[in-house]
Amino acid sequence: MKKNGFNILLFSLIFTQASTQSKHESTSSVKPNIVIIYADDLGYGDLSCYGMKKIQTPNIDLIAKEGLLFSNAHSTSATCTPSRFGLLTGRYPWRQNGTGIAPGDASLIIPMDKGNMASALQTAGYTTAVIGKWHLGLGTKEGIDWNKEINPGPKQLGFDYSFIMPATLDRVPCVYLENQKVVNLDSKDPITVSYQNKVGDDPTGKENPEMLRYKPDPTQGHNQTIVDSISRIGWMSGGHSAYWKDEDIAATITDKAIQFMGRSAAEPFFVYFATGDIHVPRYPESRFRGKSGMGLRGDAILQLDYTVGRIVHALDSLHLTNNTMIIVSSDNGPVVNDGYFDRSVEELGEHKPAGVLRGGKYSIFEAGTRVPLIIKWPGNIKAGEKTDALISQIDLFASLNALTGQTLNETDAPDSYNLLNTLLGKDKKGRDYVIEQSGGLAITKGDWKYIVPNNMNAYNKETNIETGNDAKPQLYNLKNDIGERYNLAKKYPIIVKQLASLIEKSKGDIRTRK
Ligand code: NG6
Ligand code: CA
């Protein structure tokens, strides 16, 4: 028996090795499957492994228990499009115009003449997929014809397979695209989309509020075309057979991810799995609604956790757990009212979505970009560890390249550092400094955080978030004052000067690799 088992193991090792070698040139590197689970608007305090008390997130906690949890990990930006741009390109989004929150009809934002995480992993021999929220534009500047295959898109960037929601869940068109074609489209009911004016005669939240599941916040818009009893940003007509149902989104995209992993089980694969949870409009499956005691936002956290559990379980069933690196993170910090009266504000109770941090989504204070980051890779990352190392999602590109034995091109990923040892828990320091972005910029280096002065609003009334903007320089000592309460800029002018000049230098210098 024992011998047989050994033989099977030996055979499968040789077999895996052979099939890997047939696909790749390089054999020196390790090529685990890589699954990035990227949540939307999940705050630093929104998981029980990060201290949330009100509800439990056992599936995500288990990844932390079996892996490494970061206390000082950052997205590049405090909103979605720029953070996703940074994650995939390894380039700070503020280096390129037009990387702000994209409308649903934006053209493709990620340049095709440079490498990105997907194209690099594809070159390394991975089968690659993006499943879930895209929000990085599609097609060319000439505009998108939603009734045809839309090019360029994920495929041209290096994703072999895509199943995406084009923008945010609150923006039209509210349809899935599989390999850049609208799913379930009836050619007799073509789709038209506009962000300028009403198209067609579909009901809107403004004209037909009686049709709505819950009302949009009148100070925030979201009162245009109604899809699945929720009014959205932007107008669309046609495409009725292709509409998604909000309560099915999580299950639909999770099924697609599981199917992709199943059919790619013999390859090394990369899945960039971007959940719609916990962005607005929130309408999770019925089994989660009302279950958190915190309104739909809390219910969406329960759904997110369940989704993560399904992915982990699928990897187990495929016997891929030990050969898969799972990374869980979020694109930006938390917001409670982001455009709809879904009762998340009223039912929030004592829960603090940002945990100990100040600010939230849209904020240059820490809660804007300091997000959960957990990584698990059995046998390669020690279980149950925590680290205070400074890291940015922008570093994943160079780190994964190093892991898979790839060399970055000279002009690719100029802001991405190879922090593989930090990701694996071997290095406890991480980056020297990181630049954070909301409306303006800030820099964190060691214990210090400096926010560049600007004249934008200090408070976002609609979302009830302190943006951190101030016409005066701000300097905080994060070690003693993680809540950024005591501005020490006047007391330490030399540190202010040093950090201000470091940020200016980074803006000017684009690192090239030689
Ligand atoms: C904002 C929307 C907000 C949300 C956000 C994008 C208004 C007033 N607010 O402009 O509801 O859609 O964009 O969120 O329109 S993100 O997480 O994708 O960046
Ligand atoms: Ca987001």
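This report describes aromatic contacts, the surroundings of ligand 1 and selected backbone features in a predicted model.

## Aromatic pairs

The model holds 14 aromatic pairs. In one of them, the ring centres of Y214 and Y340 are separated by 5.7 Å and the ring planes meet at 70°, so the arrangement is edge-to-face. Y214 belongs to the loop between β8 (192–194) and β9 (226–227), while Y340 belongs to the loop between β13 (324–330) and β14 (373–376); the pair therefore ties together parts that lie 126 residues apart in sequence. Y214 has a relative accessibility of 8% and counts as buried, because the cut-off for that class is under 20%. Y340 is likewise buried, its relative accessible area being 2%.

A further pair joins F260 and F269, with ring centres 6.1 Å apart; since the planes stand at 75°, this pair is edge-to-face. Both of these phenylalanine residues, F260 and F269, are buried. In addition, one aromatic cluster is formed by Y38, W134, F159, F270 and Y272.

## Charges over rings

Two arginine side chains are placed over tyrosine rings. The charged end of R213 sits over the ring of Y283, at 3.7 Å from the ring centre. For R370, the charged end sits over the ring of Y44, and the corresponding distance to the centre is 5.9 Å.

## Surroundings of ligand 1

There are 18 residues around ligand 1, of which C80, D170, R171, D338 and K361 come nearest. Sorted by class, this shell consists of four nonpolar, seven polar and seven charged residues.

Polar side-chain atoms of several residues lie at short listed distances from oxygen atoms of the ligand, as follows. For K361, a polar side-chain atom is 2.7 Å from an oxygen atom of ligand 1. For H222, the distance from a polar side-chain atom to a ligand oxygen is 2.8 Å, and for K133 it is 3.0 Å. Taken on its own, ligand 1 has 450 Å² of accessible area, and the protein covers 83% of it.

## Buried positions in regular elements

S83 is located in helix α3, which spans residues 80–89. With a relative accessible area of 0%, S83 is buried. The side chain of S83 reaches the backbone oxygen of T79 at a distance of 3.0 Å.

V227 is part of strand β9 and is also buried, with a relative accessible area of 0%. Between V227 and T404 the separation is 177 residues in sequence and 43 Å in space, taken from C-alpha to C-alpha.

## Backbone features in loops

Cis peptide bonds occur before two proline residues, P152 and P173. The bond from N151 to P152 has omega near -5°, and P152 lies in the loop between β4 (127–133) and α5 (154–157). The bond from V172 to P173 also has omega near -5°; P173 is placed in the loop between β5 (161–165) and β6 (177–178).

Positive phi values are found at D41 and N184, neither of which is glycine. D41 has phi near 65° and lies in the loop between β1 (33–39) and α2 (58–65). At 1% relative accessibility, D41 is buried. N184, with phi near 65°, is in the loop between β7 (181–182) and β8. In contrast to D41, N184 counts as exposed, because its relative accessibility of 57% is over 50%.

Methods: Residues are numbered from 1 along each chain as its sequence is written. Chains are lettered from A and ligands numbered from 1 in the order in which they are written. This is a predicted model: local features need pLDDT of at least 70, side-chain atom pairs count only at pLDDT 80 or more; totals for chains, interfaces and linings use all residues. Side-chain values use heavy atoms; hydrogens and water are left out. Rings of Phe, Tyr and Trp (its six-membered ring) pair if their centres lie within 6.5 Å; planes under 30 degrees apart count as stacked, over 60 as edge-to-face and the rest as tilted. Helices (H or I, at least four residues) and strands (E, at least two) are DSSP runs, numbered from the N terminus. Buried means under 20% relative accessible area, exposed over 50%, partly exposed in between (1.4 Å probe, protein chains only). A charge sits over a ring if NZ of Lys or CZ of Arg is within 6 Å of the ring centre and within 35 degrees of the ring normal. A residue is near a molecule or strand if one of its heavy atoms lies within 4 Å of it. A polar contact is a pair of N or O atoms within 3.5 Å; within protein, one must be able to donate a hydrogen and the other to accept it, and residues adjacent in sequence count only if both atoms are side-chain atoms. Accessible areas come from the Shrake-Rupley method with a 1.4 Å probe; for residues, only the protein chains shown count as cover. Ala, Val, Leu, Ile, Met, Phe, Trp, Tyr, Cys and Pro count as nonpolar, Asp, Glu, Lys and Arg as charged, and the others, Gly among them, as polar.
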